[in-house]
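Here is a set of short exercises to work through with the model open beside you. Try each task before you read its solution.

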Amino acid sequence: MAARRLPGRLVRAAARAVDVPGAGAVVRRASGRLLGLGRLRAARLPDGLAPLVPDQPTGSLPHADASERPGTRAPGGAATPAAERERSRRR
Amino acid sequence: MTTTIARLRAADADPQQVVEAVLAEPAAGPVDPFTDVDPARARREAAASAQALAGDDGPVRPLEGAPVAIKDVVDVAGLATRAGSPALHRVADADATAVARLARAGGVVVGKTRQTELGLSPVGLSASEPAPRNPHDPARPCGGSSSGSAAAVAAGLVPVAVGTDGGGSLRIPPALCGVYGLKPTFGAVPADGQAPCGWWSTNTVGPIAGSVADLAAAWAVMADRPAVDLEGEPGGGEPVRVGVDWAWWGGPEVVEGAVDRAARAAVDPLGPVPVTIGHLDLAPSALYATVLPEVAAALHGPRRDGARLGPDVTLALAAAERITAVDHVRAQQVRRALAGELARVLDDVDVLAVPTTPCVAPAVEPGAWASPPLDEGLVRALTRYTALANLTGAPALAAPVGADAAGHPVSLQLIGRPGGEPALLRLAARLERDGRIGGPPAPHRVDVVARAAAGPAAGGDGAPSPRTGHNDPRADPREEPGRA
């Protein structure tokens, strides 16, 4: 753990050095392991992007009573095959 | 079920006496959770609640007379909103919607609580202003960033406090302080009325409370939802299926022994179903590659005042500049993948269980309170289990499950489907009734109900406490002249 810890006095020194030309190494050392960008850049990821959660008018979840039932909805709002199986089982 | 709000009613405590008990010593000894208190508003709202309780004007409002505390980043009319940073300062001219809803439900707004600067540190230390001390052990921090809100609840000053959670801030501080926290589904509680410091795509407003009942009452009010029937069976009469990804939970190299044992003791009787969630190893990087550019963008240009930011925040913003646009988009791809994985797993189980944090409140060197280190390992550890819910928008509930041998609280996290807060709350209520969750009271705890029942409190002269609020000489060492 010690190797991954920058003491407070060095944090202050590094912060002062941020705007100094050539100080990038200080920031790299302080943040590289925390961000883990190398792993993110190397990962194999599925194609495309999609909404993460069902559309929700702020402060109101009109379908929440349905969604709290097991297996009813997936992010994006669609009922999944497993959800349909679950509904059938519970009937 | 023992709850502070229920005790207020059962003890027939006068809301005005309760508020005076809070205002008499809002610091609660060494804890010091408030950055500002508003005695005039608290007394005005408490008087209105006393009048409502004395009258016969229909049903009592759900939070009638209950003191509530609000995290610094959230607007309270007439008080400064600073997000724990001297670089951001404005006096709010109106309550945030979440605060207004609590007040309309009978909550008595006492003041604003301390937080880590811009919500960035999950440890609970800040270079920019004093951090609250953990009510279970004042030598240790409260976790971040909703540090003061969790501390105020654990110290018994308020039954309910408002926090925000962009990476774990409604779960990490409650976990380290031995209380309950609920990160609602993304968008379920209005997020207006906050300091402009980013966190736009992961942040939610939510409650911290001392019991499941108080947590549920506050959530229903903040989300404008019907009250949750906590006596109802969480699985609708069917056994609740709890999933655990044991690889994510991790072994002794990841999770402290006391945390592992206490969390397993709560989960094992539920017959956990082993599940596997893909891409979890990328969650921390995806979180940082998402939120740091958002924070940097929020502070870009005229809003950025580097000379007034703490050194840890300066370094975080410098690190954000190393995140490329491609990194940011890839982080969103990770989020999509994780949302799909979570949906797949939650088709087969009702809820996921995992410790809230892999460690108890960490020991820190005395000098760290004024000059916090940048501890990359600790930051990654504290957010190991919390990032998933932020990245996917899912609701998550943190509940105390006892303490280690030295009395430092341990916490279990339950993660549900989007919109599934009532199911999470009902499951937590059942576990609380069964004695599987809960924890010891903090040594530095003020029983305001007992104090109120004992009679008039001293010090109710309307002036802010000399240890809190605008009069606090320690509140902001770089205070600009003229701050109200």
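**Exercise 1.** In which helix of chain B does B:Val212 lie? Find its place, then decide on its burial and its contacts.

Solution. Start with the sequence: B:Val212 belongs to helix α7 of chain B, which covers residues 212-223. Keep in mind that this is a predicted model. Next, look at accessibility. The cut-off for buried is under 20% relative accessible area; B:Val212 has 0%, so B:Val212 counts as buried. Now list the partners, setting aside neighbours within four places in sequence: B:Val212 is in contact with B:Tyr180, B:Leu230, B:Leu425, B:Ala428, B:Ala429, B:Glu432 and B:Ile437. Finally, take a C-alpha to C-alpha distance: B:Val212 and B:Arg426 are 8.6 Å apart in space, with their positions 214 residues apart in sequence.

**Exercise 2.** Is B:Arg41 buried or exposed? Add its helix and its contacts.

Solution. First, locate the residue: B:Arg41 sits in helix α3 of chain B, residues 39-54. Second, check the area: a relative accessible area of 7% means that B:Arg41 is buried. Third, look past the neighbours within four places in sequence: B:Arg41 is in contact with B:Val76, B:Ala77, B:Asp95, B:Val99, B:Ala103 and B:Val109.

**Exercise 3.** At what angle do the axes of α2(B) and α3(B) cross? Classify the pair and describe the contact.

Solution. Step one is the geometry: the axes of helix α2 of chain B (residues 15-24) and α3(B) come within 7 Å and cross at roughly 155°. Step two is the class. Angles over 145 degrees count as roughly antiparallel, and α2(B) and α3(B) are therefore roughly antiparallel to each other. Step three is the residues: from α2(B), B:Pro15, B:Gln16, B:Val19, B:Glu20 and B:Leu23 meet B:Pro39, B:Ala42, B:Arg43, B:Ala46, B:Ala47, B:Ser49, B:Ala50 and B:Leu53 of α3(B). Sorted by class, the contact of α2(B) with α3(B) has nine nonpolar, two polar and two charged residues.

**Exercise 4.** Now try a second helix pair. Which residues of α10(B) meet α12(B)? Work out the crossing as well.

Solution. Begin with the axes: helix α10 of chain B (residues 283-298) and helix α12 of chain B (residues 325-348) have axes that come within 8 Å and cross at roughly 130°. That angle makes α10(B) oblique to α12(B). The crossing of α10(B) and α12(B) is left-handed. On the α10(B) side, the residues are B:Ala283, B:Ala286, B:Ala289, B:Thr290 and B:Pro293, and they meet B:Asp327, B:His328, B:Ala331, B:Gln332, B:Val334, B:Arg335 and B:Leu338 in α12(B). By class, the contact of α10(B) with α12(B) holds seven nonpolar, three polar and two charged residues.

**Exercise 5.** What is the omega of the peptide bond from B:Gly144 to B:Ser145? Then inspect the backbone at B:Ala83 and B:Trp199.

Solution. Take the peptide bond to begin with: from B:Gly144 to B:Ser145 it is cis, with omega near 5°. B:Ser145 is in the loop between β5 (108-113) and α5 (147-154) of chain B.

Move on to phi. B:Ala83 has phi near 50°, a positive value in a residue other than glycine. Its place is the loop between β3 (80-81) and β4 (90-91) of chain B, and at 0% relative accessibility B:Ala83 counts as buried.

For B:Trp199, phi is near 60°, again positive in a residue other than glycine. B:Trp199 is found in the loop between β7 (180-183) and β8 (204-209) of chain B. With a relative accessible area of 11%, B:Trp199 is buried.

**Exercise 6.** What is the mean pLDDT of chain B? Compare your reading with chain A.

Solution. Chain B has a mean pLDDT of 90, and 92% of its residues reach 70 or more. Over residues 458-484 of chain B, however, the pLDDT is below 50, and this stretch has 59 contacts in the model beyond near neighbours in sequence.

Chain A averages a pLDDT of 60, with 33% of the residues scoring at least 70. It has five helices and one strand, in the order β-α-α-α-α-α along the sequence. Among the elements of chain A, helix α4 (residues 64-67) has the lowest mean pLDDT, 38, and helix α3 (residues 37-42) the highest, 89. Over residues 55-85 of chain A pLDDT stays under 50, and the model has 70 contacts beyond four places in sequence for them. Where pLDDT is low, predicted coordinates should not be read in detail. For the model as a whole, the scores are ipTM 0.77 and pTM 0.88.

Note on methods
Residues are numbered from 1 along each chain as its sequence is written. Chains are lettered from A and ligands numbered from 1 in the order in which they are written. This is a predicted model: local features need pLDDT of at least 70, side-chain atom pairs count only at pLDDT 80 or more; totals for chains, interfaces and linings use all residues. Side-chain values use heavy atoms; hydrogens and water are left out. Axes are lines fitted to C-alpha atoms, for helices over the stretch in contact, and angles run from 0 to 180 degrees between N-to-C directions. Helices (H or I, at least four residues) and strands (E, at least two) are DSSP runs, numbered from the N terminus. Angles under 35 degrees count as roughly parallel, over 145 as roughly antiparallel, 65 to 115 as roughly perpendicular and the rest as oblique. A crossing is left-handed if the near helix is turned anticlockwise from the far one by less than a right angle, and right-handed if clockwise. Contact means heavy atoms within 4.5 Å. Ala, Val, Leu, Ile, Met, Phe, Trp, Tyr, Cys and Pro count as nonpolar, Asp, Glu, Lys and Arg as charged, and the others, Gly among them, as polar. Buried means under 20% relative accessible area, exposed over 50%, partly exposed in between (1.4 Å probe, protein chains only). pLDDT is the predictor's confidence in each residue, from 0 to 100.
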